[in-house]
Amino acid sequence: MNNEEYANGFKHASDRLMKAMWDLKGLDTNEPETRGALRAEVRAILEQLDVAKDLINQEARKRLGD
């Protein structure tokens with residue numbers, strides 16, 4: 001990962017949110033065949049959202065000085 005590209009935490013969070021969005025769109029158009037596969041896909045999407053949320057909070061604290 002290029003650290004300079006992600007010096008801005010909001011940019012990194014935005015990329016994670018876009019990945020989650022495309023993964024979710026993939027579920028909409030091509031649903032996994034098994035419950036286990038669906039669970040794994042949903043878990044991965046939720047993980048991306050959690051990471052994005054943490055990155056947003058970190059960047060906001062950094063910029064606000066909290």
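**Exercise 1. Find where Val42 sits in this predicted model, and decide whether it is buried, partly exposed or exposed.**

Solution. Start with the number: Val42 has a relative accessibility of 35%. Next, recall the cut-offs: buried means under 20%, exposed means over 50%, and partly exposed is in between. So Val42 counts as partly exposed. As for its place, look in helix α2. Now hop over to Leu24: Val42 and Leu24 are 18 residues apart in sequence, and their C-alpha atoms are 8.0 Å apart in space.

**Exercise 2. Do the same for Asn57, then work out how far it is from Arg16 in sequence and in space.**

Solution. Asn57 is another residue of helix α2. Its relative accessible area is 34%, so Asn57 is partly exposed. Along the chain, Asn57 and Arg16 are 41 residues apart, while the C-alpha to C-alpha distance is 14 Å.

**Exercise 3. Describe helix α1: what is its span, and which residues are buried?**

Solution. Begin with length. Helix α1 covers residues 9–29, which makes 21 residues. From first C-alpha to last, α1 reaches 30 Å, close to the 30 Å expected at 1.5 Å a residue.

Now pick out the buried residues: Gly9, His12, Ala13, Ala20 and Leu27. Look down the axis of α1 and you'll see these buried residues fall within an arc of 100 degrees, so they line one face of the helix. What do they pack against? The partner is α2, residues 35–64. Flip to the other side of α1, and you'll find Trp22, Asp28 and Thr29 exposed.

Finally, check the start of α1. There, a side-chain oxygen of Asn8 comes to within 2.8 Å of the backbone nitrogen of Phe10.

**Exercise 4. Count the salt bridges, then trace the network that links Glu59, Lys62 and Arg63.**

Solution. The total is four salt bridges. As a warm-up, take one in α1: Asp23 and Lys19 meet at 2.9 Å, N to O. They're four residues apart in α1, about one turn of the helix. Lys19 is partly exposed, at 40% relative accessibility.

Now for the network. Step one: Glu59 bridges to Lys62, with the closest N and O atoms 3.2 Å apart. Step two: the side chains of Glu59 and Arg63 also form a salt bridge, at 2.8 Å, N to O. Put together, Glu59, Lys62 and Arg63 are linked in a network.

Last step, check accessibility. Glu59 is buried at 6%, Lys62 is exposed at 54%, and Arg63 is partly exposed at 49%.

Technical notes: Residues are numbered from 1 along each chain as its sequence is written. This is a predicted model: local features need pLDDT of at least 70, side-chain atom pairs count only at pLDDT 80 or more; totals for chains, interfaces and linings use all residues. Side-chain values use heavy atoms; hydrogens and water are left out. Helices (H or I, at least four residues) and strands (E, at least two) are DSSP runs, numbered from the N terminus. The expected span of a helix is 1.5 Å times one less than its number of residues. Buried means under 20% relative accessible area, exposed over 50%, partly exposed in between (1.4 Å probe, protein chains only). The arc is that of the directions from the helix axis to the C-beta atoms. Contact means heavy atoms within 4.5 Å. A polar contact is a pair of N or O atoms within 3.5 Å; within protein, one must be able to donate a hydrogen and the other to accept it, and residues adjacent in sequence count only if both atoms are side-chain atoms.
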